[in-house]
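Visitor: I'm new to this one. Could you take me through it and tell me how each label is earned?

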Amino acid sequence: MSSEPAPLLALDLAGTFAFGLNGALTAVRAARLDVVGVVVLGMITALGGGFIRDVLIDSLPPATLLDWRYYTLAAVGGLLAFALSRHLRRIETPIIVLDAVGLSAFAVIGASTALDSGLGFAPAVLLGVITAVGGGTIRDVLVRRIPTVLSTGLYAIPALVGAAVTVATVETGVYGLPAALGAATLCFLIRVLGLRYGLNAPEPPETRGRGGPDEAGG
Amino acid sequence: MSSEPAPLLALDLAGTFAFGLNGALTAVRAARLDVVGVVVLGMITALGGGFIRDVLIDSLPPATLLDWRYYTLAAVGGLLAFALSRHLRRIETPIIVLDAVGLSAFAVIGASTALDSGLGFAPAVLLGVITAVGGGTIRDVLVRRIPTVLSTGLYAIPALVGAAVTVATVETGVYGLPAALGAATLCFLIRVLGLRYGLNAPEPPETRGRGGPDEAGG
Amino acid sequence: MSSEPAPLLALDLAGTFAFGLNGALTAVRAARLDVVGVVVLGMITALGGGFIRDVLIDSLPPATLLDWRYYTLAAVGGLLAFALSRHLRRIETPIIVLDAVGLSAFAVIGASTALDSGLGFAPAVLLGVITAVGGGTIRDVLVRRIPTVLSTGLYAIPALVGAAVTVATVETGVYGLPAALGAATLCFLIRVLGLRYGLNAPEPPETRGRGGPDEAGG
């Protein structure tokens, strides 16, 4: 990632910090873990998506292990969430907003990194989505929730839009900070507005009215 | 995978499509997800085993990301399952058969790909099993079920037989389409007949009569 | 791993065997699986952490697939646990002790392997922790438990101490068998004494008295 322009690096670091905070707040709320568990879940959420991306494009060791700012920000985000949890009466909103920030940043950076590594357009979009949803999916599995990417369509779709816009702007030669921020903002808005207005992707016809994803498994 | 003979490629693509359909039908039945969740789970089931195989043999980016037919078939399988779910009154049988098809195809292709990459016999058999059960295991974890590979011995064993026969035929120089189809058919029959006649591997003595794997965890 | 001195190889193999036994005993106790499930869970627990380590440092195929002693010991550990389960009236204690042995061995070997591969100090410590807790975390996810690394701080912390001491002794040029055994013993003692005396890391203030991690998810 060292070859990235500074503003895109900033977007990537912001996503890492947001996911670190988000994962740790999720740990406080959903699983009531101790300080180590909180920080570990924050770091896994923040670094997991990038790990998967770098493994799949064979850029190893992962960029986030080679650059101290990534793992430090992830850990600091986790510690901060632990310290703040006392003062957050309702942490639902910051959890959602931070998750949307990480999702947006990683969809854009993941897609552009995949293109840089030589992947074609469709696989690069796919990798953007994987980078964006990967950390949160591991987080959900570890605290035994159905992953958000499965339970609501309005999670993969904004990531897909952000990654696709990124790939399109790279392809047309207009990728840069404004395009990246635009793609990330678009992803963020779709995610947050989708939640705000309760938009959903179509459900399978035969299952309507039979209950939500929470009944699965357990 | 581009160096594979066409018939083996066809077997691999058939396995990918079968797992895409299977994962998506599982999503419809077990977790009642929306269309995006259904397609995502289908793609993860179809591509997951090959991702793990290609990561472990250091053949990256994964073959299934470089060849558009794989990810397209996985997605089409998922969409088709979503569309069909309305008309499938009982999807238990197709889920089982499609899973057995994917298991058989991936055990054979996984083992031969691992041998091609220079691994020895035993690791190649192990990789065949990992390729065969990997996608389904991720699928089960994501919808919070005890993975099939753990809860029933008659899942890993057919994969092991299919992979071992494949390795044996490569070693004796008779590997080719007939041998591959034979190994896959053997795996398929053991899996399906095992289910049909309720065969099981031995359980630990102390736990007999104390209940099934479904009581674990949650 | 072939370049490792024999005593360190012995430590690594001991950790592999301990985790194989541990994972299999966990399967017997927590999920009541059949013999194949027991062996598979033992092998995943024993080999999982090393797989993740070797993937992240790009040392592929994983050392444990190239050296037959690793996967054989993992499988033998699993089979032995299955055979022994009849005679173990209380398997709680061996599960805990074996887990602590694997944790200690893998924290030390993981950190030194990461340093050998060229990673810096902090990432090497992180990789030691990932190697140590990786296999057990996959084990816990597969049998649907909140992973130990999240639910108790006294699991990641001993691994962190063992890995950090290892990195410090490598850096000061005194790494060798005594230093490795010392670091592993320190990790082991912190883990076992922490369990024995019920030590815990601080919990988030707002969640005190609201219940344990077992309420999460499901």
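Visitor: Why is C187(C) called buried?

Guide: This is a predicted model, so every value here is computed from it. The relative accessible area of C187(C) is 0%, and buried means under 20%, so C187(C) earns the label.

Visitor: What about C187(B), buried or exposed?

Guide: C187(B) is buried, because its relative accessible area is 0% and the cut-off is under 20%.

Visitor: How many disulfides are there over all chains, and how do you know?

Guide: The count is zero disulfides over all chains. The rule asks for a pair of cysteine sulfur atoms within 2.5 Å, so a count of zero says that no pair passes that test.

Visitor: What makes up the secondary structure of chain A?

Guide: Chain A has nine helices and zero strands. Read from the N terminus, its elements go α-α-α-α-α-α-α-α-α.

Visitor: How much of chain A counts as buried, and what does it expose?

Guide: Of its 218 residues, 60% count as buried. Chain A exposes about 8,100 Å², with carbon and sulfur atoms supplying 65% of that. As for contacts in chain A with a separation of 6 or more, 77% are between residues 24 or more positions apart.

Visitor: How confident is the predictor about chain A?

Guide: The average pLDDT of chain A is 87, and 89% of the residues score at least 70. Among the elements of chain A, helix α6 (residues 121-142) has the highest mean pLDDT, 95, and helix α1 (residues 6-31) the lowest, 88. Over residues 207-218 of chain A pLDDT stays under 50, and the model has 25 contacts there beyond four places in sequence. For the complex, the predictor gives an ipTM of 0.85 and a pTM of 0.88.

Visitor: Where does UniProt place the feature "domain: Glycine transporter"?

Guide: The unreviewed UniProt entry puts that feature at residues 10-85 and 97-169 of chain A. In the model, residues 10-85 of chain A are 86% helix and 0% strand, with end C-alpha atoms 26 Å apart. Residues 97-169 of chain A also come to 86% helix and 0% strand, and their end C-alpha atoms are 26 Å apart.

Visitor: Which residues of chain A does the annotation "transmembrane region" cover?

Guide: Among the stretches in the unreviewed UniProt entry are residues 68-84 and 121-142 of chain A. Residues 68-84 of chain A are 100% helix and 0% strand, with end C-alpha atoms 24 Å apart. Residues 121-142 of chain A are likewise 100% helix and 0% strand, and there the end C-alpha atoms lie 32 Å apart.

Visitor: Which residues touch the most other members of the largest nonpolar core?

Guide: In that core of 207 residues, they are L150(A), L150(B) and L150(C). Not counting residues up to four places away in sequence, L150(A) touches residues of chain B, including L33(B), V40(B), L41(B) and L142(B).

Visitor: Why is L160(A) called partly exposed?

Guide: Its relative accessible area is 43%. Buried would need under 20% and exposed over 50%, so L160(A) is partly exposed. L160(A) sits in helix α8 (residues 153-171) of chain A, and apart from neighbours within four places in sequence it is in contact with V125(A) and V129(A).

Visitor: And why is P7(B) called partly exposed?

Guide: P7(B) has a relative accessible area of 36%, so it too falls between the cut-offs of 20% and 50%. P7(B) is part of helix α1 (residues 6-31) of chain B. Its C-alpha atom is 9.4 Å from that of L181(B), though the two are 174 residues apart along the chain.

Visitor: What makes the phi of R144(B) worth a look?

Guide: R144(B) is not a glycine, yet its phi is positive, about 60°. Most residues other than glycine have a negative phi. R144(B) lies in the loop between α6 (121-142) and α7 (148-151) of chain B, and it counts as buried because its relative accessibility is 11%, against a cut-off of under 20%.

Visitor: Which peptide bond leading to P61(B) is cis?

Guide: The bond from L60(B) to P61(B) is cis, with omega near -5°. P61(B) belongs to the loop between α2 (35-56) and α3 (63-66) of chain B.

Notes:
Residues are numbered from 1 along each chain as its sequence is written. Chains are lettered from A and ligands numbered from 1 in the order in which they are written. This is a predicted model: local features need pLDDT of at least 70, side-chain atom pairs count only at pLDDT 80 or more; totals for chains, interfaces and linings use all residues. Side-chain values use heavy atoms; hydrogens and water are left out. Buried means under 20% relative accessible area, exposed over 50%, partly exposed in between (1.4 Å probe, protein chains only). Helices (H or I, at least four residues) and strands (E, at least two) are DSSP runs, numbered from the N terminus. Contact means heavy atoms within 4.5 Å. Accessible areas come from the Shrake-Rupley method with a 1.4 Å probe; for residues, only the protein chains shown count as cover. pLDDT is the predictor's confidence in each residue, from 0 to 100. UniProt positions are given in the numbering used here, feature names are shortened, and annotations may be inferred rather than shown by experiment. A nonpolar core is a set of buried Ala, Val, Leu, Ile, Met, Phe, Trp, Tyr and Cys residues joined through side-chain atoms within 4.5 Å.
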